[in-house]
Amino acid sequence: MQQYKSMKFLVAVLAIFALSTQAQAKTNNTNNGNPFDCTHNPTLCTGNNGNGVGNGGPGNQGNPGSNGNTGGSSSGGNGSSSGGNGSSSGGNGSSSGGNGSSSGGNGSSSGGHGSSSGGHGSSSGGHGSSSGGHGSSSGGHGSSSGGHGSSSGGHGSSSGGHGSSSGGHGSSSGGHGSSSGGHGSSSGSSSSSGSSSSSGSSSSGASSSSSGSSSGSSSSSGSSSSGGCDGDYCNGSSSSGGSSSSSSSSGSSSSSSSGSSSSSSSGGALPKEDKPEKKLKAKLVPMFYLDYDSGTGISNLTPNTLRGPGQQDVIEVDNFALGFQKTSYELMEGGIGAGVRFYYENATGWEKNFWAHVGIIPMKGKEVTSVRYAKTYEEAQNLPGFKSAPLNVTDLYQWKNGESVSYMSKGGVIFVAGTGVGMIGINTAHVAQGTWETYVEKVDHSHAYVKITKSNLESYSIGTGASLVTVGLSQFNNADDGFSYKLDLNQAEGRKVYEDLVRGNIAAAELVANKYKALVLVESPVVKVETFKTQSKGNSFNIFIGLPLILNSSSSSGKVQSFATTDFHLDKNIVSANYGIYDTQTRTRAFGTHTFSDKMFYGAQFKVSDYNKNVIEKGYFGRMSWIYQDDKATASSLKMKIEELYDATGIQSVLVQVPEVGSIGTAGVAMNITFSEENTNRMIQAAYDLGRKEFARQALEKFEAAYAKAGNNVCPLGMQAQNCKQEMTNRTQYAAVKMQDALIQMHLNKGNAVEFTKAYAEFGKALMDNRFALAQAMKVAGAGVKVNYSIEGTRISNYNLNLITTDKEGVMKRVDIYSAEGDRSLFPANKRSRYRGVVVMPYDPGLTTPTMPGTKP
């Protein structure tokens, strides 16, 4: 069944990715009408059909050359690469000149009116040449390589004059400006009309030119453009930097070079460049999961005895008479798996930064927590934590009485999926995990207590984040089954059973415990203490900021429903309890230093029965818990937390004095406020008697009285002063209304333990909003509300204060340490959500991987 759920999870994720990319794929396969696409714009593929006669003007006459062989320059007259009135190499009448010659004269193939070489705007130099000037690289008005707009320079494009694909007013090559000649053509020319000549000199601004007989023209320059298209072929020009050009009219060709080069085609067709097609690709990649954490805390066991004036006590510092308790823990989890990464090939724009993945990672891990005792601070500092449960009784003998270790082995599977762009994405995770926990405590010199717990956890989460910030929701379902034994280590059977238990052999313990049940006068070497089962489910809202494993802060808030049954074998009673829990907590980690704060309220409904299922006792109660822990605290930070607790509760007695001593090592503050069944009934009755309006008015009255006395000082830390009064008014009224609604629901569901405790948790959520809501609850609860307050740390003495409310509102009296209802077994077996480690898979540089949310007992 678990494999089936896992496959459903992966199939659902893959379907999401397929749908998310389908629309994009359709867009990629659709031609959106490229303006240069002949299929969609056929008119662009047809130029102005010419008359077959070039409309080029006369070439500028070349200066007379010697013996008619040269025209003053190797490239003719005023710039033509092929002569004056057409001669390629000389004046009128030369072998390549004269009117009407093959390379000269009016209308010649190279020069003159309409020639491919000569006139205003040669390919190299003049006005509009293919490398500058007014004309075409090969032709007249609108020729494929000329017109107003040559491929290189001039007033226009490299291809086409006034729209034609080839030829101006008829000529394929000619018109005002041939490809070779004009003002400043570069170097010698050649032409054929039965004779040829060439010159070897060159002029500035060009490199070389030639004219010959061919049809069509081409030129190249540093710029490029394309004209009309026919299917997959286009008339136009492409260019790359260089220095050569050529042009021809009907029956002649010429080439020249300049500082840039261009190519154009009128008679031929070049293949159109195809852009690479964008495709969604998938790639198999490795995935990794890692979480590691460790820490220690040292607490002074010496009780605090100093009493201050009135109710304000003083915290004692550096009295170490009774030694220290050291708590050490280490968590290590990891796994290597496989994932599929999705990405776009040949992508542009935002799609270049698109990412998506799905994957599965088998994981294993361990978590060890130990408690040890030392007489001096130096000894406590050097005392190592236990790494595992001792496998041999001889090792356990070395422990001090009361020392303990909890060793938890873990194994499971993580399913992950995510998608996003750049550093912003959405991620999901499913954790299926099993744990096996062994707890060992040395009770005294001859007895040990061993507790075995097997747990199965399924956790689902979804989150979205940008780089270092992740926000998400998670839910979980957890089941615990366990049992515990007390073992007499003075007896051989007891020692043997101990060594079997810590190795996972449970059968031996059951056999020996059952064998001695009937022997009343003989002390059993193995006594079964309890058997328990717990089922919990819940959900939470989570925020994570920072770098996983190194520097981060995470907060979560949510609700848990839990049901627990415990069979106490010693007194033969069975206790069952339902819990409704509301919890909000914050954790920070900074390079091995940790802080933790937690506000929780749980309502419990319980029943105690004997082995014959006769009910001995039943009832309900509620408890608010406020906890703060800091690995490396100072006197100033401890004071701040004490003031924060006062802001949350309004109980004056919490404001104890803390000496200014700088660092105090480990520090912790805790308060529990317990509403008994009698207190709960009074609150329910007040909800009916006062009505909604009066219940809220009394709560608001408490705020108004405090504000009149202390102003903005009554508002919580961090609240802006200008908003204090209005915001606290609104919050107090709202909290009072929610408390009253929850109390009415509790009354209506007294016979339904699940609904009753769920409503009690809603009451607690509203009560914890601010101290005036709590004050209203304690007022209507009446006498008997119990408060336990404690402070502990490395340098400070262990402070403990117990108070109880009286019939007079706001007045409490100090009492001895008490045992609240159900403390023996009625604990909230909640699994609070937290961000655990980080899932890593290879990505392109710059992409981050978000953390994977999970659960932590």
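1. Strand E19, spanning residues 593-610 of this predicted model, has 13 of its 18 residues buried, so the strand is largely enclosed by the rest of the structure. On one side of the pairing pattern, strand E18 (residues 573-590) runs antiparallel to E19 over 18 bridges, and within this pairing Thr-588 stands opposite Thr-595 of E19. The hairpin formed by E18 and E19 leaves two residues between the strands, and Phe-591 there adopts a positive phi near 50°.

2. E19 also pairs with strand E20 (residues 615-634), again in the antiparallel sense, over 15 bridges. Ala-604 has Phe-621 in E20 as its bridge partner. Four residues separate E19 and E20 in their hairpin, and in that turn Lys-613 shows a positive phi of about 70°.

3. The search for aromatic pairs across the whole structure returns 17. In the pair of Phe-601 and Tyr-760, the ring centres lie 5.5 Å apart with the planes at 50°, so this pair is classed as tilted. The contact links distant parts of the chain, since Phe-601 belongs to strand E19 while Tyr-760 belongs to helix H9 (residues 753-767), 159 residues apart. Both Phe-601 and Tyr-760 are buried, and ring pairs join these two with Tyr-620, Phe-756 and Phe-763 into a cluster.

4. Helix H9 is also reached from strand E17, through a salt bridge between Lys-559 and Glu-762 in which the closest N and O atoms are 2.1 Å apart. Because Lys-559 lies in strand E17 and Glu-762 in helix H9, the pair ties together parts that are 203 residues apart in sequence. Lys-559 counts as partly exposed at 35% relative accessibility, and Glu-762 is likewise partly exposed, with a relative accessible area of 29%. Ser-562 is placed in the strand E17 as well (residues 551-568); Ser-562 is buried, with a relative accessible area of 4%, and its side chain makes a polar contact of 3.0 Å with the side chain of Ser-536.

5. The structure holds 25 salt bridges, among them that of Asp-318 with Arg-795, whose closest N and O atoms are 2.7 Å apart. Asp-318 lies in the loop between strands E9 (279-300) and E10 (324-345), and Arg-795 in the loop between strands E22 (786-793) and E23 (799-805), so the bridge ties together parts that are 477 residues apart in sequence. Asp-318 is partly exposed, with a relative accessible area of 39%, and Arg-795 also counts as partly exposed, at 23%.

6. Lys-410 and Glu-367 form a salt bridge through their side chains, at 3.1 Å from N to O. Since Lys-410 lies in strand E12 (residues 404-421) and Glu-367 in strand E11 (residues 354-374), this pair ties together parts that are 43 residues apart in sequence. Both Lys-410 and Glu-367 are buried, and salt bridges with shared partners bring Glu-333 into one network with them. Elsewhere, the charged end of Lys-278 sits over the ring of Tyr-344, 5.6 Å from the ring centre.

7. One disulfide is counted, joining Cys-715 to Cys-724 with an S to S distance of 1.4 Å. The torsion about the S-S bond of Cys-715 and Cys-724 is about 55°, so the disulfide is right-handed. Both Cys-715 and Cys-724 are buried.

Methods. Residues are numbered from 1 along each chain as its sequence is written. This is a predicted model: local features need pLDDT of at least 70, side-chain atom pairs count only at pLDDT 80 or more; totals for chains, interfaces and linings use all residues. Side-chain values use heavy atoms; hydrogens and water are left out. Buried means under 20% relative accessible area, exposed over 50%, partly exposed in between (1.4 Å probe, protein chains only). A polar contact is a pair of N or O atoms within 3.5 Å; within protein, one must be able to donate a hydrogen and the other to accept it, and residues adjacent in sequence count only if both atoms are side-chain atoms. A disulfide is a pair of cysteine sulfur atoms within 2.5 Å. Two strands pair if DSSP finds at least two bridges between them. Rings of Phe, Tyr and Trp (its six-membered ring) pair if their centres lie within 6.5 Å; planes under 30 degrees apart count as stacked, over 60 as edge-to-face and the rest as tilted. A charge sits over a ring if NZ of Lys or CZ of Arg is within 6 Å of the ring centre and within 35 degrees of the ring normal. A salt bridge is a side-chain nitrogen of Lys or Arg within 4 Å of a carboxyl oxygen of Asp or Glu.
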